[in-house]
Amino acid sequence: MSDILVQMQKDLYAGNFSEVETATKTALDLGMSAPEILNDGLIAGMDIVGRDFRAGDLFIPEVLMSAKAMHAGLEVLRPLLAESGAASQGKIVIGTVAGDLHDIGKNLVGMMLEGAGFEIIDLGTNVTPEQFVQAVSENVADVVGMSALLTTTMLSMKSTIEALQDAGLRDKVKVMVGGAPVTSKFAEDIGADRYAPDAGAAVDTARELVALK
Ligand code: B1M
């Protein structure tokens, strides 16, 4: 792997956000593609952070600094990942479920969907079932996408699907779920239409869901 990506991973780990931002720009100048920098630099760096967080070698303030550094790199890549001249492919309401503040994966999914030509209504993090329902109704969304990173918060996906049912909207909107603890079995169990394991798959899945409407 190139030295710049190795250094980017180290800077991300250390939370050096301006260095990560600069390295992302430099890697682009060197001719690397946005997906290569994303996967082999930023996501690979965050995987190491996740491993050491789990092992108790890193603590929340340090992980927050790494997340800030990841955001700095993602912002540089955003226009490239979101590059597309295509007409709107459909409207997607997206958010991280109630009680959950993890937004890096959700943001990445949003950027990739935007790049594929979807109109994105991003509700942010800690989104309650009621907020999802209101946004789906107001925007007449084709798909609602929910992200969860915690085993405790993924249950809110089920509550949201129930709230959509109660509001009479379930047969009008497709439901896509994702996030590290989510599986296709879980998606099926809670009555979601699809599970997408990563941001690339989310694009294909969203296309498939819109075609089914
Ligand atoms: Co937290 N955290 N965290 N954390 N954190 C995890 C998730 C954890 C696995 C770490 C660990 O123990 N190894 C663990 C969860 C354990 C569990 O429930 N099984 C954990 C924990 C426990 C916690 C706290 C409870 C810690 C505490 O307070 N004691 C706390 C909870 C706060 C809350 O949300 N209420 C907490 C807090 C935090 C920070 C705030 C410090 C920070 C978040 C900052 C931010 O997001 N702005 C943070 C971080 C950064 C992580 C790790 C290290 C990295 C997550 C990440 O951004 N990954 C994470 C460990 C890990 O996952 N390796 C961890 C990179 C991102 C690109 O991947 O989000 O998986 P990911 O997204 C992927 C796919 O999952 C998928 O596509 C994305 C791109 O390919 N995807 C979708 C995601 N959403 C999708 C939606 C779709 C489709 C695909 O359709 C709609």
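## Sheet, ligand site and salt bridges in a predicted model

Val93 stands opposite Ile121 in strand β2. The model is a predicted one, and the description below starts from this strand pair and moves outward to the ligand, the loops and the charged pairs.

### The sheet

Strand β1 covers residues 91-96 and is joined to β2 by 4 bridges, the two strands running parallel. Another residue of β1 with a partner in β2 is Ile94, whose bridge partner is Asp122. Strand β1 is mostly covered, with 5 of its 6 residues buried.

Strands of a sheet pair through backbone hydrogen bonds, in a parallel or an antiparallel way. Here 5 strands make an open sheet with parallel pairing, and their order is β2-β1-β3-β4-β5. Which strands stand at the edges? They are β2 (119-122) and β5 (194-195); each has a single partner strand, so one side of each is left without a neighbour in the sheet.

### Around the ligand

The ligand is surrounded by 33 residues, and the closest are Gly99, Leu101, His102, Asp103 and Ser147. Two of these closest residues also appear in the table of polar atom pairs below, together with Ala199.

| Residue | Protein atom | Ligand atom | Distance |
|---|---|---|---|
| Leu101 | backbone N or O | oxygen | 2.6 Å |
| Asp103 | polar side-chain atom | nitrogen | 2.7 Å |
| Ala199 | polar backbone atom | oxygen | 3.2 Å |

Asp103 thus faces a nitrogen atom of the ligand through its side chain, whereas Leu101 faces a ligand oxygen through its backbone.

### Helix α5 and the loops

Asn107 belongs to helix α5, which spans residues 104-115. Is Asn107 buried or exposed? Its relative accessible area is 15%, under the 20% limit, so Asn107 is buried. Between the C-alpha atoms of Asn107 and Ile92 the distance is 13 Å, and the two residues are 15 positions apart in sequence.

Two residues other than glycine have a positive phi. Asn126, in the loop between β2 and α6 (129-139), has a phi near 55°. Its relative accessibility is 39%, and Asn126 therefore counts as partly exposed. Val140 is not a glycine either, and its phi is about 45°. Val140 lies in the loop between α6 and β3 (143-147), and it is exposed because its relative accessible area is 65%.

The loop between α6 and β3 also holds Asp142. A polar atom of the Asp142 side chain lies 2.7 Å from the backbone nitrogen of Lys91. The side chain of Asp142 also has a polar contact of 3.4 Å with the side chain of Lys213.

### Charged pairs

Side chains of opposite charge can pair when their charged atoms come close. In the whole structure, 11 salt bridges are found. One of them joins Arg78 and Glu114, with the closest N and O atoms 3.9 Å apart. This pair links distant parts of the chain, since Arg78 is in helix α4 and Glu114 in helix α5, 36 residues apart. Arg78 is partly exposed at 30% relative accessibility, and Glu114 is partly exposed at 35%. Arg78 and Glu114 are also linked with Glu75 in a network of salt bridges.

A second pair is Arg194 with Glu208, where the closest N and O atoms are 2.7 Å apart. Arg194 lies in strand β5 and Glu208 in helix α9 (residues 199-212), so this salt bridge ties together parts that are 14 residues apart in sequence. Arg194 has a relative accessible area of 29% and is partly exposed; Glu208, at 37%, is partly exposed too.

Helix α9 also contains a salt bridge within itself: Asp204 pairs with Arg207, their closest N and O atoms being 3.6 Å apart. How far apart are Asp204 and Arg207 along helix α9? They are 3 residues apart, which means a separation of about one helical turn. Asp204 is partly exposed at 48% relative accessibility, as is Arg207 at 40%.

### A nonpolar patch

Phe53, Ile60 and Leu64 make a nonpolar surface patch of about 320 Å². Of these, Ile60 is placed in helix α4, which covers residues 60-81. Ile60 counts as exposed because its relative accessibility is 55%.

Technical notes. Residues are numbered from 1 along each chain as its sequence is written. This is a predicted model: local features need pLDDT of at least 70, side-chain atom pairs count only at pLDDT 80 or more; totals for chains, interfaces and linings use all residues. Side-chain values use heavy atoms; hydrogens and water are left out. Patches are made of residues with over 30% relative accessible area and no salt bridge: like charges are joined within 9 Å, nonpolar side chains (Val, Leu, Ile, Met, Phe, Trp, Tyr) within 5 Å. Accessible areas come from the Shrake-Rupley method with a 1.4 Å probe; for residues, only the protein chains shown count as cover. A salt bridge is a side-chain nitrogen of Lys or Arg within 4 Å of a carboxyl oxygen of Asp or Glu. Buried means under 20% relative accessible area, exposed over 50%, partly exposed in between (1.4 Å probe, protein chains only). A residue is near a molecule or strand if one of its heavy atoms lies within 4 Å of it. A polar contact is a pair of N or O atoms within 3.5 Å; within protein, one must be able to donate a hydrogen and the other to accept it, and residues adjacent in sequence count only if both atoms are side-chain atoms. Two strands pair if DSSP finds at least two bridges between them.
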